[in-house]
Amino acid sequence: MTRLATLPVPTEKIANRLAEAISDSDELGWPTVATTEQKDGSWTVEIYHEDALDEAALGALTEAVLGPDAPAFIFTELPDENWVAKSLEGLKPVRAGRFLVHGSHDRDKAGIADIAIEIEAGLAFGTGHHGTTAGCLLAIDALGKARRYARILDLGTGTGVLAIAMAKAWKRKVLATDIDPVAVAVAHENARLNGVGPLVETAVAAGFGHPVFTARAPFDLVVANILAGPLVALSAPLARRLAPRATVVLSGLLTEQGPRVVAAYRRQGLRLARADARDGWLTLVLEKGR
Ligand SMILES: C[S@@+](CC[C@H](N)C(=O)[O-])C[C@H]1O[C@@H](n2cnc3c(N)ncnc32)[C@H](O)[C@@H]1O
């Protein structure tokens, strides 16, 4: 039986912060979390879970984001259906530059000039609706207009959305890796469904812990939409695998975490070329010198 826990919150920013904290929580077992705008402009945070949630841990996380007077989540039981997919199937297609990320029900929405990426809601992160994914897609679109990249890495690929975008736009090979074997299987299947299976090579790897990196590095473009902590931790091994004049796109960090992440990469010889803020999330474009 799938259960749903719902909490109304005043703004999208708060909804995103709380959703991120919950979906990253070890204590809650990384449940599936969605944020939904209501007709009156307020937002709700929804947690879909099979096993009982640790309500004390959830209360503590909610208080950390909303303050001590935070209301409690309301728990309901859902009839047996694929509610994760259902909750997302109504989502509209997302446009980011030339890319249009859509579910199968919106296949007909792609125009002739769009680079359409079909991603079904499922078990991995990356339907294009999150500010970090959209920020990366916009950065990829802009970068491709200025330069052709040959050795490309999508680190933390999730659904594979960014790897598929680069493979489709540039007809280039992309290495797509993720710490989560389920995400890697999803990315592999999505690449095939989007007609770029032969261009997207997938591997399960925590950071750079896989021999495939030795074979494919040095990279001239690395896109990593993870979180601020892992991005800082990965700064040295990532920089070691860059070609001269490489570009790095980083996302998954909150606006206030930008200076810490930029400082870590500056120590590795990269300079900040652009920073784009969307929905409280930052996407950074960094460049390595010769
Ligand atoms: C925010 S999602 C990004 C998904 C997709 N790239 C996008 O932009 O929508 C982050 C992904 O990074 C993966 N991840 C987290 N830490 C990682 C690590 N140390 N090494 C590789 N992947 C990691 C997660 O499993 C998750 O699929």
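## Ligand contacts and the domain interface

In this predicted model, a good place to start is the ligand: a backbone N or O atom of G207 lies 2.9 Å from one of the ligand's nitrogen atoms. Two side chains approach the ligand through its oxygen atoms. T133 places a side-chain N or O atom 2.7 Å from an oxygen atom of the ligand, and N225 does likewise with a side-chain N or O atom at 2.8 Å from a ligand oxygen. The table gathers these three contacts for easy reference.

| Residue | Part of the residue | Ligand atom | Distance |
|---|---|---|---|
| G207 | backbone N or O atom | nitrogen | 2.9 Å |
| T133 | side-chain N or O atom | oxygen | 2.7 Å |
| N225 | side-chain N or O atom | oxygen | 2.8 Å |

On its own, the ligand has 600 Å² of accessible area, and the protein covers 84% of that. Around the ligand there are 16 residues, of which T133, G156, D178, G207 and N225 come nearest. What is the make-up of the shell, by nonpolar, polar and charged residues? It splits into seven nonpolar, seven polar and two charged residues.

Now let us step back to the domains. The domain assignment of the protein chain gives two stretches, with domain 1 spanning 2–83 and domain 2 spanning 130–288. Taken over C-alpha atoms, their centres are 28 Å apart. Where the two meet, domain 1 contributes five residues to the contact and domain 2 contributes six.

How much area is buried between domain 1 and domain 2? The value is about 500 Å², with carbon and sulfur atoms giving 49% of it. On the side of domain 1, the residues that lose the most area to domain 2 are N16, R17 and E20, which together make up 70% of what that side buries.

R17 deserves a second look, since this residue also forms a salt bridge with E256, where the closest N and O atoms are 3.3 Å apart. Across the interface of the two domains, the rule finds one salt bridge. The count of residue pairs in polar contact between domain 1 and domain 2 is likewise one, with both residues at pLDDT 80 or more. As for the side of domain 1 that touches domain 2, its residues divide into four charged, one polar and no nonpolar.

Notes: Residues numbered from 1 in each chain as written. Heavy atoms only, no water. Domains from an automatic or database assignment. Contact = heavy atoms within 4.5 Å. Buried area = accessible area lost by both parts, 1.4 Å probe. Salt bridge = Lys/Arg side-chain N within 4 Å of Asp/Glu carboxyl O. Polar contact = N/O pair within 3.5 Å; in protein donor to acceptor, adjacent residues only side chain to side chain. Nonpolar A, V, L, I, M, F, W, Y, C, P; charged D, E, K, R; others polar. Near = heavy atom within 4 Å. Areas by Shrake-Rupley, 256 points an atom, 1.4 Å probe, with all protein chains shown as cover.
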